[in-house]
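Work through the exercises below with the sequence and the model open beside you. Try each task before you read its solution.

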Amino acid sequence: MTRRPARLVLLGHPVGHSLSPTFQNAALRAADIPVRYEALDLEPGDFDRCVSRLVADRVAGNVTVPYKERMRERCDHLTPLAARVGAVNVFWVDDDGLLVGDNSDVGGFNAAVVELLGEPPRGITVGVLGAGGAAAAVLAAVESWIGCDAHVYNRTPERAAHLCARFRSIARPVDDVGVIAGAQLLVNATSVGLHDDAMPVDPALVAPDSAVLDLVYRRGETRWVRALKTRGHRAHDGLGMLVEQGALAFERWFGMPADRVAMRASVRDGAS
Ligand code: ATR
């Protein structure tokens, strides 16, 4: 990271429920950095104009649904990871005034998996539900693990086939959700359960020794995670990944460690 940004923003639509301002402002306070982080709810028609203004003002920030792919197209320079995932969730303006895009979702997911399993994964098969941007970040992580591969199931099979073609050395689409449910690590990378108590896979189908990571987070965990824990599974929701991707973004912007303890403490009771 070059010059310190004067302001930080989250670009998305909607962003009202985002926890990012809470934990990023906690990290800024902990580091004594007099910069504010705020969410900007952008109508699609305002995106391009807003980004031009942010670049001119040298504002840095995060990008969330539905703009991660659009931001990738807009950036002057992508890190190799952002290019591999095909999505940008962290951006800044360099000293030449160029818009740089990165992806910290992959690092956030990696950290969440290590926290769940207690060690880096090795030689396992991952069952992935979903074929959007979150699933692409999951596959980019699996690709970096030693001896691991993935089965991908999606409501719309054509999207799963398309995504797996981009990660063909490690990923294979499947048309039976039972295959996913039998994986050693099962990941929900869909939005199922975000707004209600819907479950992405029937807990009774999940293999008894599967560990489960739900990338969705809600206050008091998702119903799916609670049901799986009741059945004896190791299961975490998406809060750990969310905070870690934010900590990695902070480190890109400021070139110093983020206070993860302060970040987690700020959202522990506020997730919704
Ligand atoms: P993101 O970037 O967060 O991954 P996305 O690209 O819109 O968002 O992808 C959302 C994922 O959730 C997709 O895999 C989507 O399935 P489709 O490709 O069939 O649309 C999945 N998804 C969303 N709602 C779903 C539902 N009710 N049942 C099953 N899958 C759902």
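**Exercise 1.** Decide whether Arg58 is buried, partly exposed or exposed, and find where Arg58 lies.

Solution. Begin with the cut-offs for relative accessible area, calculated with a 1.4 Å probe on protein chains only: buried means under 20%, exposed means over 50%, and partly exposed is in between. Arg58 has a relative accessibility of 26%, so Arg58 counts as partly exposed. Next, place Arg58 in the chain, where it belongs to the loop between α2 (47-56) and β3; helices here are DSSP runs of H or I with at least four residues, strands are runs of E with at least two, and both are numbered from the N terminus. Finally, look at the backbone, where phi of Arg58 is near 55 degrees, a positive value in a residue other than glycine.

Before going on, note that this is a predicted model, in which local features need pLDDT of at least 70 and side-chain atom pairs count only at pLDDT 80 or more, while totals for chains, interfaces and linings use all residues. Residues are numbered from 1 along each chain as its sequence is written, and side-chain values use heavy atoms, with hydrogens and water left out.

**Exercise 2.** Describe the backbone at Asp32, and then at the peptide bonds that lead into Pro14 and Pro66.

Solution. As background, most residues other than glycine have a negative phi, and most peptide bonds are trans. Asp32 has a positive phi, near 60 degrees, and lies in the loop between α1 and β2 (37-41). With a relative accessible area of 69%, Asp32 is exposed. Turning to the prolines, the bond from His13 to Pro14 is cis with omega near 0 degrees, and Pro14 sits in the loop between β1 (8-12) and α1. The bond from Val65 to Pro66 is also cis, with omega near 5 degrees, and Pro66 is found in the loop between β3 (60-63) and α3 (68-74).

**Exercise 3.** Find how α1 and α10 are placed relative to each other, and which residues make the contact.

Solution. Two packed helices are described by the angle between their axes and the distance between the axes. For α1 (residues 20-30) and α10 (residues 239-254), the angle is about 45 degrees and the axes are 10 Å apart; an axis is a line fitted to C-alpha atoms over the stretch in contact, and angles run from 0 to 180 degrees between N-to-C directions. The two helices are therefore oblique to each other, since angles under 35 degrees count as roughly parallel, over 145 as roughly antiparallel, 65 to 115 as roughly perpendicular and the rest as oblique. The contact, meaning heavy atoms within 4.5 Å, involves residues of α1 including Phe23 and Leu28, and residues of α10 including Leu242 and Trp253.

**Exercise 4.** Determine how much of α10 is buried, and how α10 meets α11.

Solution. First count: 14 of the 16 residues of α10 are buried, so this helix is largely enclosed by the rest of the structure. Then take the axes of α10 and α11 (residues 260-267), which come within 10 Å and cross at roughly 135 degrees. That makes α10 oblique to α11. Among the residues that meet are Glu244 and Glu251 in α10, and Arg260 and Arg264 in α11. To finish, step past the end of α10, which is followed by Gly255, whose phi is positive, near 60 degrees.
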